[in-house]
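These are my notebook entries on one protein chain. I set down what I looked up, beginning with the aromatic residues.

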Amino acid sequence: MENGAKKFNFQATQQSKPASAITVRKALTTLTENLNKDDRRTTIALGAGDPSLSSCFRTTSVAEDAIVDAVRSATYNCYAPTAGLLSTRSAVADYLNRDLTDKLSPDDVFVTLGCKQAIEVIISVLARPGANILLPKPCWPFYEARAAASSLEVRHFDLLPERDWEVDLEAVEALADDNTGAMVVINPGNPCGNVYSHEHLKKIAETARKLGIFVISDEVYGHLAFGSNPFVPMGAFGSIVSVITLGSISKRWVVPGWRLGWLVTNDPNGILQESGIVESIKGALDLIADPPTFIQGAIPQILENTKDDFFLKIINLLREAADTCYDQIKEIPGITCPKKPEGSMFLMVKLNLSLLEGIADDMDFCLKLVQEESVIILPGITVGMKNWLRITIATDPSTLEEGLERVKTFCLRHSKK
């Protein structure tokens, strides 16, 4: 090298680089960077699923007091065990057992740094050479990004909008082979806002059992159901098929920044234990950081003492927002919503580009929308659905209404004459 400079041998590995060309964070960052700085109106963010940013969504005082009590006790300034504090794991087991026949024990619960870390753990456990995992389409893209980083092959099965976003079970059977480890189910759904019926969940369990795979059930939006179907945990079918349940307090308690999640084995037949999956989970947890101990220490008080009126308030806010969004979208040319959301904090709408002028695709729609109307929504390509859009409903009612009115103005401006 010139000037006698030493040649270095290190370089970034492929896994150090972004695993996906388009992630939610990257898409939202790109859109934010394209805001029109001359527009003096408030930016309306309907892209990210963070209800805590809105004044009407605030966690319960029970949770706040529990954190204060945990900190002031000086009991939780230490390192926690790898799987989490026993009191935390017991509280999570008791909380989930309210909806289960086959009861969990604390040994079935592993505390994680939010639900994202739970996903990282189970993906790493499945990532052996030649293995694959089945993911829904559309899907929260973190699953695909983590699978790519772990060199785990991904195969997609469709969710069917004309059937309330149910799983295409025939596609699941066609995709699975001897190297398939698991399928992912997100219920209530992100990004679709669907809630699966007991009957459909049972069919999923029976299909997975037939294929010899287990189900990873992402229930981070658990109990956030406000339509005709009540929330049913996949663990209710643990006697049919082994289930790994992923969850957190992030959404139901409106505290995504507290980063407390869990990975739970619903395995009454002992199959996950016999196959070594449980030991692999423990090994993976040994290599990563724990959630803060004082947050863990607050969990028993949070889970046991939160009153139903708090949950009812959140559900009513989401139900009203879903009604508002669904009704206003009917008045917007160029986009349609196939199904009113019945759970989680999102809905999916389909673009009809034949009715819009000067719009190339969903990403172009979102870029021009943010430039012209200072409204941020998520392009569907981010969640695997080109020429669709994901809209967040978990925001202040007046903000949601104004945002949708701006979307209408934008679509009218770009409507073909």
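**Entry 1. Aromatic residues.** I looked first for grouped aromatic side chains and found that Tyr95, Trp253, Trp262, Phe310 and Phe311 make up one aromatic cluster. I note that the model is a predicted one. A search across the whole structure returned 9 aromatic pairs. I examined one of them, phenylalanine 365 with phenylalanine 410, and recorded an edge-to-face arrangement, with 5.0 Å from centre to centre and 80 degrees between the planes. This pair links distant parts of the chain, since phenylalanine 365 belongs to helix H12 (residues 362-373) and phenylalanine 410 to helix H13, 45 residues apart. I then asked whether the two rings are buried or exposed. Phenylalanine 365 has a relative accessibility of 0% and therefore counts as buried, the limit being under 20%. Phenylalanine 410, with a relative accessible area of 1%, is buried by that criterion.

**Entry 2. Glycine 403.** I stayed with helix H13, which covers residues 397-413 and contains glycine 403. The relative accessible area of glycine 403 is 0%, so I entered this residue as buried. Which residues does glycine 403 touch, not counting those up to four places away in sequence? I listed Ile44, Leu46 and Val375. I also checked alanine 45, which is 358 residues from glycine 403 along the chain; their C-alpha atoms are separated by 8.2 Å.

**Entry 3. Cis peptide bonds.** I next turned to the backbone. Lysine 137 and proline 138 are joined by a cis peptide bond, with omega at about 10 degrees. I placed proline 138 in the loop that runs between strand E3 (132-137) and helix H5 (142-149). I recorded another cis bond from asparagine 187 to proline 188, where omega is near -10 degrees. Proline 188 is in the loop between strand E6 (180-186) and helix H7 (198-211).

**Entry 4. Positive phi.** I looked up two residues other than glycine. Aspartate 164 has a positive phi, near 60 degrees, and lies in the loop between strand E4 (153-160) and strand E5 (166-167). Its relative accessibility is 38%, so I classed aspartate 164 as partly exposed, a class that runs between 20% and 50%. Serine 374 is not a glycine either, yet its phi is positive at about 55 degrees. I found serine 374 in the loop between H12 and strand E12 (375-376). With a relative accessible area of 1%, serine 374 is buried.

**Entry 5. The chain as a whole.** I closed with overall values. I counted 13 helices and 14 strands in the protein chain. The radius of gyration is 22 Å, close to the 22 Å given by the globule rule for 417 residues, so I describe the chain as being as compact as a globular protein of that length. The C-alpha trace spans about 70 × 65 × 50 Å along its principal axes. Of the 417 residues, 54% are buried. I considered the contacts between residues at least 6 apart in sequence and noted that 75% of these join residues at least 24 apart. The exposed area comes to about 18,700 Å², with carbon and sulfur atoms supplying 49% of it. For charge, I entered 42 positive and 52 negative side chains, the centres of the two sets lying 4 Å apart.

Conventions
Residues numbered from 1 in each chain as written. Heavy atoms only, no water. Helix = DSSP H or I, 4+ residues; strand = E, 2+ residues; numbered from the N terminus. Rg over C-alpha atoms; globule rule 2.2 N^0.38 Å. Buried < 20%, exposed > 50% of the residue type's maximum accessible area, 1.4 Å probe, protein only. Contact = heavy atoms within 4.5 Å. Areas by Shrake-Rupley, 256 points an atom, 1.4 Å probe, with all protein chains shown as cover. Lys, Arg positive; Asp, Glu negative; His and termini not counted. Charge placed at Lys NZ, Arg CZ, Asp CG, Glu CD. Phe/Tyr/Trp six-rings, centres within 6.5 Å; stacked < 30°, edge-to-face > 60°.
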